[in-house]
Amino acid sequence: MFFERPESGECAILVHLDMADEADRESPKELEELALSAGADPVDMLTGSRFQPSPKTFIGSGKVEELKALVRMHEAELVIFNHALSPGQERNLEREIQCRVLDRTGLILDIFAQRARTHEGKLQVELAQLEHMSTRLVRGWTHLERQKGGIGLRGPGETQLETDRRLLRARIKSILKRLGKVRKQRDQGRRARSRAEVPTVSLVGYTNAGKSTLFNNITQSEVYAADQLFATLDPTLRRVELDDVGPAILADTVGFIRHLPHKLVEAFRATLQETTEATLLLHVIDAFDEDRQSHIDEVLSVLSEIGAEEVPTLEVYNKIDLMDGAEARIDRDDLGKPVRVWLSAVTGAGTDLLFQAVSELLADDIFHQQLCLKPNEGNLRAQFYAQGAVVNEMVDEQGQMNLEVRLQRKDLLQILSRMNIAPERYLGPDVNRPEWLHT
């Protein structure tokens, strides 16, 4: 048996070619995982190499004959290519091998269709599928003659293909209109969080890197997580508490993959906007994966495509429980700033270090000093306690309260403003330094 086969699924032959151009190369292992994630039953793989694809059938005529023999031998119902095929190539291949053909883009779209759970996710997937299908409609119709005439039906008529294209355009227009409403609702939520100055931390990374497992570990949630590609499709937001920062929003997002179809990137732009407008990105990386560097490069490429390359990023190397001798730790740059955290989302080792690193990156303007409050300043003392900013307190013989206070400078300024106290009293003449003015 070629693969470990699931209980059921369509019997499929996989096709993978090594192309001369490195940029066009795909991973055969990833094709197997994609097929299994879609519920297919892969029984064999046809491999080969070409300098460039054949314009007619992508693979050469000899490989087409090999493929026909494999389809007959295994009585396969489906042939899956690890490449993007043109509509003409799909039609020619189906005509030659007498079997349904699916390319890499169509396979990923099918997985997304199975995984979508929310109303928005289903709309986004349907939009991407319809746009992909619009160039392939002719494949499904062999009866392209005009509609027959008759009483009340005479005239130029309309081909079945033209009817389908008209209905498809109307459906796309309807979905775009409904997605527009969803985007407005998302924008309202983001604006509300912005007004409340609540930072957003977004998990990004290659598919199956362990984002949802880490998300569940951090937030004590029960988001669906599995060892398969694209287990998560719909974004999930949860509130977390961070030292020195307070409340923050953690967002779990769809995983990226090599050569993610542009139609999907465009369809999921509203969802991915959680990434582009995040305060901090946690780039989750499968540290145990031998292809991790190419996966890192692909994630950076998608982030650039959606306009998120400038968002501050912390690398999170996950799955250290699978690595011999690996320990949880924080890697820092020359200035002592966290740049990388090593952890295991499954065992929980290192998640405390992740919280520490995120807090350091988000709370980069901390006020930590001893304050001496007079006996009549009990209200100010209460404000500090309400903020959770009091580290330690001692009262002297004169009734003065000596507080050790730690909080963000902007929160201190807000407290002093509410109490009508001049900031210079505690922050000194440097309170108007340019880097403080944003508070």
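Begin by selecting Arg104 in this predicted model, and display the residues it touches beyond four places away in sequence, which are Glu26, Glu30, Leu34, Phe81, Asn82, His83, Ile257 and Arg258. Arg104 belongs to helix α4, residues 104-115, and it counts as buried because its relative accessible area is 3%, under the 20% limit.

From that list of contacts, keep Glu30 on screen together with Arg104, since the two form a salt bridge in which the closest N and O atoms are 2.8 Å apart. This pair links distant parts of the chain, with Glu30 in helix α1 (residues 28-37) and Arg104 in helix α4, 74 residues apart. Both Glu30 and Arg104 are buried.

Next, move to helix α2, residues 61-74, where Glu65 and Lys68 lie three residues apart, about one turn of the helix. Their side chains form a salt bridge, with the closest N and O atoms 3.8 Å apart, and Glu65 is partly exposed, at 45% relative accessibility. In an α-helix there are 3.6 residues a turn, so residues three or four places apart point the same way.

Now select Arg381 and Glu393, which form a salt bridge whose closest N and O atoms are 2.7 Å apart. Here the partners come from distant parts of the chain, Arg381 from helix α12 (residues 378-386) and Glu393 from strand β13 (residues 390-395), twelve residues apart. Arg381 is partly exposed at 28% relative accessibility, and Glu393 is partly exposed at 22%. For a network, add Glu315, Arg329, Asp331 and Arg340, which are joined by salt bridges that share partners.

With Asp331 still displayed, select Pro338, which lies in strand β11, residues 338-342. Beyond its neighbours within four places in sequence, Pro338 is in contact with Leu314, Ile330, Asp331, Arg332, Ala357, Glu360 and Leu361. The C-alpha atoms of Pro338 and Leu361 are separated by 7.3 Å, although these residues are 23 apart along the chain. Pro338 is buried, with a relative accessible area of 4%.

For a view of the surface, turn to Lys173, Lys177, Arg178, Lys181 and Lys184, which form a positive patch. Lys173 is found in helix α6, residues 160-195, and counts as exposed at 64% relative accessibility.

Finish at helix α13, residues 409-418, in which Arg409, Asp411, Leu412, Leu413, Ile415 and Leu416 are buried. Following α13, select Asn420, whose phi is positive, near 55 degrees.

How values were computed
Residues numbered from 1 in each chain as written. Predicted model: local features only at pLDDT ≥ 70, side-chain atom pairs only at ≥ 80, totals over all residues. Heavy atoms only, no water. Patch = residues over 30% accessible without salt bridge, like charges linked within 9 Å, V, L, I, M, F, W, Y side chains within 5 Å. Areas by Shrake-Rupley, 256 points an atom, 1.4 Å probe, with all protein chains shown as cover. Salt bridge = Lys/Arg side-chain N within 4 Å of Asp/Glu carboxyl O. Lys, Arg positive; Asp, Glu negative; His and termini not counted. Charge placed at Lys NZ, Arg CZ, Asp CG, Glu CD. Helix = DSSP H or I, 4+ residues; strand = E, 2+ residues; numbered from the N terminus. Buried < 20%, exposed > 50% of the residue type's maximum accessible area, 1.4 Å probe, protein only. Contact = heavy atoms within 4.5 Å.
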